[in-house]
Amino acid sequence: MRMIIPTLLLSVSLTACASTSQQSAILASDAVPAPTAVMTAATAATSELSQQQRFEAWKADFTRRALAKGYAPNLLAATIGRAQINERALERDADQPEFTRPVWSYIQTAASPDRVSRGKAELAEHNAQFNRLEATYGVPRHVLAAIWGLESSYGRILGTHNIIDSLATFAFEGRRTTFGETQLFATLDLIQSGSVRADQLVGSWAGAMGMTQFIPSTFRDYAVDFDGNGNTDLWTSELDALASAANYLTRSGWKPGVPVMSEVVVPANFDYSKSETVKQSVAAWTALGVKPSNGMRFSDAASQMEAKLLVPAGHRGPKLLTFHNFDVIKRYNNSTSYVMGITTLASALNDYTVIRTPWPEGDEPLSFIDKQRMQETLTAMGYDTQGVDGLIGPATRRAIRAWQSANGLPADGYVERSQYLRMITPQR
Ligand SMILES: [Ca+2]
């Protein structure tokens with residue numbers, strides 16, 4: 001499972017480091033006049049050494065606390081004792097997204113023709129295993145195959161980072177220390193319980209492992225040894241990996257027979273302020289003029305189900321009713337785009353096109369910087385976005401909808417480029 005990572009805090013701490021070494025350079029040059037190049041090298045060496053020293057001190061402290069919690073000394077020596085700083089994890093963690101990808105681009109990549117054809121081949125090859133998984137967990141094979149395909153390209157891309165190094169790097173310092181420490185303890189639990197071996201612990205720089213990209217706490221709490229060989233192997237056993245994904249969804253409340261999402265059309269002058277915020281029966285949506293986009297009508301069974309309206313690219317783009325199982329997949333990865341990507345791929349694997357309406361691809365999406373400026377502008381106008389982070393969450397969409405309503409625009413929570421320009425232009 002991927003984590004969406006806000007990046008501002010580490011930038012702040014890096015800035016603080018930089019100014020600290022600058023200060024020491026100035027002090028040193030006061031004391032000993034020396035060529036600038038030599039000073040720079042010396043300063044760099046000093047700060048590298050001190051980072052390493054700080055890391056060793058952190059390892060000693062973590063080990064002390066882990067011993068107090070009852071973890072075995074030889075386990076800690078073989079894991080934490082050998083941990084090294086993962087420079088790549090530090091760099092990637094500090095990356096600022098320069099542009100954000102439009103939702104349609106993400107979904108098109110998720111359900112690319114290549115991923116669909118590979119997925120169909122995997123479904124055919126593992127037909128018997130998928131039968132067993134559906135019978136045991138009640139999660140459709142196409143959903144499981146889509147997770148497998150999106151998380152790791154059906155097991156082809158698993159990551160090459162030592163998980164203990166990555167997590168120790170996060171736990172050591174920066175803005176993810178709590179995450180790093182929690183996940184390190186989960187990793188120690190995994191090894192100590194015997195469900196995995198330390199040499200198997202390879203994954204993404206961010207700490208996710210195997211064909212399902214589970215972080216260690218999810219691995220510990222939800223992964224299963226479905227093929228029964230005594231090892232919970234999410235790296236090379238398709239059966240263990242797919243069963244673990246199914247188990248995670250089932251334990252998160254997956255309901256067999258409930259859809260994930262369904263495309264709809266809405267009448268002109270529809271009140272979009274109900275999108276995202278209101279959860280009600282499909283019958284109640286029908287009473288407001290919401291209909292299936294394929295021209296049919298909702299069945300009696302569907303009419304009784306609860307749904308929310310999702311308008312991911314505004315009133316000019318596709319509209320979706322999202323059901324209970326949409327929120328269950330969101331527990332896997334807390335991203336609306338991710339769930340739409342999974343559902344689009346799962347449907348394509350089943351020869352069904354879930355979203356038929358074209359996306360408003362001509363509308364240039366807002367960049368990360370644009371989104372920050374939009375949040376600043378909305379906040380200044382009295383629409384509280386609860387911070388300026390360049391990420392569009394529920395609070396920001398609520399502020400957008402209020403601004404749209406006040407300006408006679410459809411309150412769909414999606415800011416088109418033209419609306420953005422209007423928003424940031426000072427009113428006379
Ligand atoms: Ca196994």
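**Exercise 1. Locate Thr79 and describe its surroundings.**

Solution. Thr79 sits in the loop that joins helix 3 (73-78) to helix 4 (87-94); helices (H or I, at least four residues) and strands (E, at least two) are DSSP runs numbered from the N terminus. The model is predicted, so local features need pLDDT of at least 70 and side-chain atom pairs count only at pLDDT 80 or more, whereas totals for chains, interfaces and linings use all residues. Residues are numbered from 1 along each chain as its sequence is written, and side-chain values use heavy atoms, with hydrogens and water left out.

Next, consider accessibility. Thr79 is buried, at 4% relative accessibility (buried means under 20% relative accessible area, exposed over 50%, partly exposed in between, with a 1.4 Å probe and protein chains only). Finally, list the contacts (heavy atoms within 4.5 Å). With neighbours within four places in sequence set aside, Thr79 is in contact with Ile164, Leu188 and Ile191.

**Exercise 2. Describe the coordination of the calcium ion.**

Solution. Begin with the donors (N, O and S atoms within 2.8 Å of the metal, or 3.2 Å for Na, K and Ca; water is not among the atoms, so sites may look incomplete). The calcium ion is coordinated by Asp225 (OD), Asp227 (OD), Asn229 (OD1), Asn231 (O), Asp240 (OD) and Asp240 (OD), at 2.1 to 3.1 Å. Along the chain, these donors follow the spacing D-x1-D-x1-N-x1-N-x8-D.

Then examine the geometry. The angles among the six donor atoms run from 46 to 160°, and the site is irregular. The criteria are these: four donors count as tetrahedral if all angles lie between 85 and 135 degrees; four count as square planar and six as octahedral if opposite donors are over 155 degrees apart and all others between 65 and 115; anything else is irregular.

Finally, assign accessibility to two of the coordinating residues. Asp227 is partly exposed, with a relative accessible area of 35%, whereas Asn229 is exposed, at 51%.

**Exercise 3. Where do Gln213 and Gln386 lie, and is each buried or exposed?**

Solution. Gln213 belongs to the loop between strand 2 (202-203) and helix 11 (216-222). Its phi is positive, about 50°, although Gln213 is not a glycine. At 9% relative accessibility, Gln213 is buried.

Gln386 is placed in the loop between helix 17 (368-380) and helix 18. Gln386 also has a positive phi, near 55°, in a residue other than glycine. With 59% relative accessibility, Gln386 is exposed.

**Exercise 4. Characterise the setting of Thr396 and of Pro259.**

Solution. Thr396 is part of helix 18 (residues 394-406) and is buried, with a relative accessible area of 2%. Beyond its neighbours within four places in sequence, Thr396 contacts Met374, Gln375, Thr385 and Leu391. Thr396 and Tyr414 are 18 residues apart in sequence, and their C-alpha atoms are 10.0 Å apart.

Pro259 occupies the loop between helix 12 (238-251) and strand 3 (261-265). At 29% relative accessibility, Pro259 is partly exposed. Not counting residues up to four places away in sequence, Pro259 touches Met305, Phe323 and Asn325. Ala302 is 43 residues from Pro259 along the chain, with 8.9 Å between the C-alpha atoms.

**Exercise 5. Summarise the fold and its internal space.**

Solution. The protein has 19 helices and seven strands. Of its 428 residues, 49% are buried. Among contacts between residues at least 6 apart in sequence, 67% join residues at least 24 apart.

Turn next to the cavities. On a 1 Å grid over the protein atoms alone, a cavity is a set of points where a 1.4 Å probe fits but cannot get out, and lining residues have an atom within 4 Å of a point. A search of the whole structure finds one cavity of 30 Å³ or more. The largest cavity has a volume of about 30 Å³, a volume being the space filled by probe spheres set on the points. Its lining consists of Ala313, Arg316, Pro360, Asp363, Tyr414 and Glu416. By class, the lining has three nonpolar, no polar and three charged residues (Ala, Val, Leu, Ile, Met, Phe, Trp, Tyr, Cys and Pro count as nonpolar, Asp, Glu, Lys and Arg as charged, and the others, Gly among them, as polar).

Terms used: 1 Å grid on protein atoms, 1.4 Å probe; cavity = no way out; pocket = protein on both sides within 12 Å on 5 of 7 lines; lining within 4 Å.
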